[in-house]
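Here is a short briefing to read alongside the structure. Take a moment to load it in your viewer, and then walk through the points below.

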Amino acid sequence: TVRGRVIPSDRLASVSASEFEGFLISDPAMLPQVIVVGGGVSLLKQKTQDGPFQTAQKVSHLDRFDYLGEIKRQGKTYIQVGDDLFLSSRVVSIIRPQAKPKNIGPKERWIEIDLSDQSLIAYEGERPVFATVISSGRKEYPTPTGDFRIYAKHITVTMDDTEAGAESYSIEDVPWVQYFKDGYALHAAFWHGRFGRVRSHGCINLSPKDAKRLFTWTGPDLPFGVHGQFATINNPGTRILIHE
């Protein structure tokens, strides 16, 4: 290990990091977008208005579609993603734009995270520029909500929780870590790919590609060759707004 310890090889398993990445927003009219976050999902086809749904082709986890509206049937919500094609709202994340808070500058960079939809949008003033899905904390390990600033960034850190009982963990070299409150951070998760569903112990999990993109976009800026940086008055951290 990076700490100079050894582990029996028969207690190790190889994992492959997710190749998923969010999408750049060239035109704000692109939003809302719909991302499939469930497994074993099929499109539902409606041949006639108010007619029954029929199962159509299968879609893959993290496939993305344009949002074309929604309808309700027997208390359930279905999202339209094509001509007569729908997806259940229970298996998708809808990435919707938010209005810029009044206390954010006209060109200021900021991040909005919607825990209900497990979505993240990066903005420059009023303009959304990038969006993706995340994995936040489970019910027993909730992600804090509020208005924060990134106070420290590290290219890699060791993250652990030795007081989590059966869920104790220690992960070395977690990449692209951005702390915004106490030990809570945005960071890459190379050990799972279930983005769009709650998963973490409170941090905001991102795919490695998304975590790196945001790390290089946010403040505080890291000087060349520096492994970590704390925010200062002259090198402030980017605002992060987290809400349900």
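Seven residues deserve a first look in this predicted model: Ile94, Arg96, Gln98, Glu112, Asp114, Asp117 and Ser119 line the largest cavity. That lining is made up of four charged residues, two polar ones and one nonpolar one. Once you have the cavity in view, the strands β6, β7 and β8 come next.

**The cavity**
- The volume of the largest cavity is about 30 Å³.
- Counting cavities of 30 Å³ or more gives one.

**Strand β7**
- Strand β7 spans residues 76-82 and is mostly covered.
- Of the seven residues in β7, five are buried.

**Pairing of β6 with β7**
- Strand β6 (residues 70-73) runs antiparallel to β7, and four bridges join them.
- If you would like a pair to click on, Arg73 has Lys76 in β7 as its bridge partner.
- The two strands β6 and β7 make a hairpin, with two residues between them.
- Gln74 sits in that turn and has a positive phi of about 50 degrees.

**Pairing of β7 with β8**
- Strand β8 covers residues 85-88 and pairs with β7 in the antiparallel sense, over four bridges.
- Here the pair to pick out is Gly82 and its bridge partner in β8, Leu85.
- β7 and β8 also form a hairpin, and two residues lie between the strands.
- For anyone checking backbone torsions, Asp84 in this hairpin takes a positive phi near 60 degrees.

Conventions. Residues numbered from 1 in each chain as written. Predicted model: local features only at pLDDT ≥ 70, side-chain atom pairs only at ≥ 80, totals over all residues. Heavy atoms only, no water. Buried < 20%, exposed > 50% of the residue type's maximum accessible area, 1.4 Å probe, protein only. Pairing = 2+ DSSP bridges. 1 Å grid on protein atoms, 1.4 Å probe; cavity = no way out; pocket = protein on both sides within 12 Å on 5 of 7 lines; lining within 4 Å. Points joined across faces, edges and corners; volume = space filled by probe spheres on them. Nonpolar A, V, L, I, M, F, W, Y, C, P; charged D, E, K, R; others polar.
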